[in-house]
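Me: I have a protein model open and would like a close look at a single part of it. Could you walk me through one helix and its surroundings, and then show how that part sits within the whole?

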Amino acid sequence: MKTKILIIDDDKALTYSLNRVLSQDYEVFIGNNSKEALEILSKEHISFLLLDYKLSDEDGLEVLEKVKSIYPDLPSVMMTAYGTNNTLINAIKKGAEDFIFKPIEVDEIKAIINKYIDKDVPFSNQGYIKIPDYPVDELIIGTSDEIKDILKMVANIAKTDTPVLITGESGTGKELIANLIQSNSNRSDNPYIVLNCAAIPFELLESELFGYEKGAFSGAFKSKPGKFELADTGTIFLDEIGELPFKLQSKLLRFIQNGVVEKLGATSFKKVDVRIIAATNRNLKELVEEGKFRLDLFYRLNVINIHIPPLRKRKEDIKHLLFYFIKKYSNEAGKNISYISSDVLNMLENYNWPGNVRELQNVIRKIIILAKNNCIDEDSIYFIKNGTSDCDLTSDNLIKWIFENFKTNTLNEFISYIEKKLIQEALKIHNGNRSKTAENLGISRVTLNEKINKYGLSNH
């Protein structure tokens with residue numbers, strides 16, 4: 001007996017197509033609205049629900065909520081043309097287990113159905129040539145399983161007051177996740193204060209965080225509230241918390257424990273109610289081991305940890321981010337970039353993106369500025385191929401690129417180039433830790449030091 005699935009969508013052309021391709025493996029039922037869907041659910045033992053986010057006369061989220069109130073254990077997946085953060089978070093809040101993005105690939109929909117009915121169907125990942133119309137009024141960070149899991153976590157923890165520690169490499173989107181938590185929290189209408197701990201000199205950081213009274217130090221001509229006091233009843237986001245001076249960590253710890261602001265020069269203290277979200281690109285456990293970060297503060301901040309993987313570990317996100325940024329910067333530049341060549345798309349998808357989403361964003365912005373027509377082709381990305389970033393090239397073009405850039409002593413020069421790049425990347429991955437870098441590269445610490453000196457990488 002075939003597994004029974006229900007599709008709720010008012011697009012009859014789409015439901016016809018889905019029914020035709022899915023009926024080979026499943027028994028498919030179609031509901032064009034909530035009334036039809038609930039009638040089917042009352043009569044049939046449905047194992048999986050596929051629901052469109054946008055219905056003509058009804059809100060897909062409201063339909064999902066109605067279905068889930070009656071059938072809470074029914075695995076449900078939202079279909080949407082626009083994978084924005086709010087779309088995904090709202091769907092999770094209403095009970096969706098997952099999302100799928102239009103246009104829908106047959107193998108992809110089968111894979112996601114069988115993910116929830118414990119079967120295994122091969123997944124097909126094909127690129128697009130025509131760029132879809134992504135909405136550009138909010139930022140997206142991807143649609144991979146890793147990002148979906150992060151968004152699910154955001155949806156679950158946003159309403160709590162629990163401290164959150166967001167970790168990940170520079171450019172992965174840590175501040176974006178912090179903003180999502182705040183905007184979906186019970187404190188969303190209250191103050192939201194952002195402070196980069198690495199951007200303020202140590203001698204000023206304490207007064208920025210906790211404030212000061214008039215006369216507390218030379219130049220303190222009047223009292224000033226600190227960031228914690230300004231964030232009262234709201235949220236504070238402490239970015240680059242790993243850079244917080246050790247002497248100041250104990251004071252932050254006391255604040256987390258008792259919620260009391262101790263202004264510089266004050267004789268009395270003020271109680272405030274602040275939720276703390278912190279972020280870092282550093283390995284705080286290693287900093288603890290090195291005596292640079294307090295263990296008790298680490299435990300206080302790390303109640304909930306959200307780790308954002310680097311873009312190279314979630315390459316399926318690259319395509320969606322590319323399309324989103326192309327539409328965003330096309331609109332800003334007054335251009336209509338509608339197509340991208342498959343070769344360029346393949347090259348950009350296979351690039352390592354050491355600067356993560358931020359680097360991708362900057363590259364696309366530059367591509368759009370330089371684009372001369374409505375299609376991104378190899379002429380649009382010459383600055384990447386000729387620049388120092390040297391985007392990963394397709395295998396067909398690699399040999400040509402090597403001989404164009406290393407005209408004499410080609411073999412030795414290219415090997416040295418690759419060796420330097422690998423050491424740079426490994427040092428970046430391990431935050432400059434040479435022992436781990438050497439282990440990763442399979443060489444001794446002595447050999448690594450020699451090569452670092454050889455290539456002038458001592459400051460990395």
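What follows is a look at helix α10 and its surroundings, and then at some other parts of the chain.

Reply: Happy to! Please keep in mind that this is a predicted model. The protein has 20 helices and 16 strands, and 48% of its 460 residues count as buried. Among contacts between residues at least 6 apart in sequence, 70% join residues at least 24 apart.

Let's start with the helix itself. α10 covers residues 246–258, and its buried residues are L248, Q249, K251, L252, L253, F255 and I256. A general point helps in reading such a list: an α-helix has 3.6 residues a turn, so residues three or four places apart point the same way. As for partners, the buried residues of α10 pack against three helices, α8 (202–210), α9 and α12 (295–301), and against the strands β10, β11 (260–261) and β13 (275–280). After α10 comes G259, with a positive phi near 65°.

Two of those buried residues, K251 and F255, take part in aromatic features. F255 belongs to an aromatic cluster together with F210 and F228. K251 lies over the face of F210, 4.6 Å from the ring centre. F210 is therefore a residue to click on for both features, being a member of the cluster and the ring under K251, with the charge counted as over a ring because its NZ is within 6 Å of the ring centre and within 35 degrees of the ring normal.

Now step back along the chain to the segments that come before α10. The loop between α9 (227–230) and β10 (235–239) holds T233. Phi of T233 is positive, near 75°, although the residue is not a glycine. T233 is partly exposed, at a relative accessible area of 37%. The loop between β10 and α10 holds E240, another non-glycine residue with a positive phi, about 55°. With a relative accessible area of 14%, E240 counts as buried, because that value is under 20%.

α9 also has a charged link to the other side of α10 in sequence. E229 and K263 form a salt bridge, with their closest N and O atoms 3.5 Å apart. E229 is in helix α9 and K263 in the loop between β11 and β12 (270–271), so this pair ties together parts 34 residues apart in sequence. Both K263 and E229 are buried.

That pair is part of a wider set, as a search of the whole structure finds 25 salt bridges. K436 and E286 form one of them, at 2.3 Å from N to O. Since K436 lies in helix α19 (residues 434–441) and E286 in helix α11 (residues 284–289), the pair ties together parts 150 residues apart in sequence. K436 is partly exposed, with a relative accessible area of 35%, whereas E286 is buried at 14%. Another salt bridge joins K94 and E65, with the closest N and O atoms 3.4 Å apart. K94 sits in the loop between α4 (85–93) and β5 (98–101), and E65 in helix α3, 29 residues apart. Both ends are partly exposed, K94 with a relative accessible area of 30% and E65 with 39%. Salt bridges also link D9, D52 and K102 in a network.

For contrast, look at E349 in helix α14 (residues 342–350). E349 is buried but has no salt bridge, and the nearest side chain of opposite charge, that of K319, is 5.2 Å away. That absence follows because a salt bridge needs the nitrogen within 4 Å of the carboxyl oxygen. Beyond its neighbours within four places in sequence, E349 is in contact with K315, I318, K319 and L322.

Finally, back to the rings: the whole structure has eight aromatic pairs. In one of them, F325 and Y329, the ring centres are 6.1 Å apart and the planes are at 15°, so the pair is stacked. These two residues lie four places apart in helix α13 (residues 316–333), about one turn of the helix, and both are buried. Y351 and W353 form an edge-to-face pair, 4.5 Å centre to centre with 75° between the planes. Y351 is buried with a relative accessible area of 5%, and W353 is buried with 0%.

Technical notes. Residues numbered from 1 in each chain as written. Predicted model: local features only at pLDDT ≥ 70, side-chain atom pairs only at ≥ 80, totals over all residues. Heavy atoms only, no water. Buried < 20%, exposed > 50% of the residue type's maximum accessible area, 1.4 Å probe, protein only. Lys, Arg positive; Asp, Glu negative; His and termini not counted. Contact = heavy atoms within 4.5 Å. Phe/Tyr/Trp six-rings, centres within 6.5 Å; stacked < 30°, edge-to-face > 60°.
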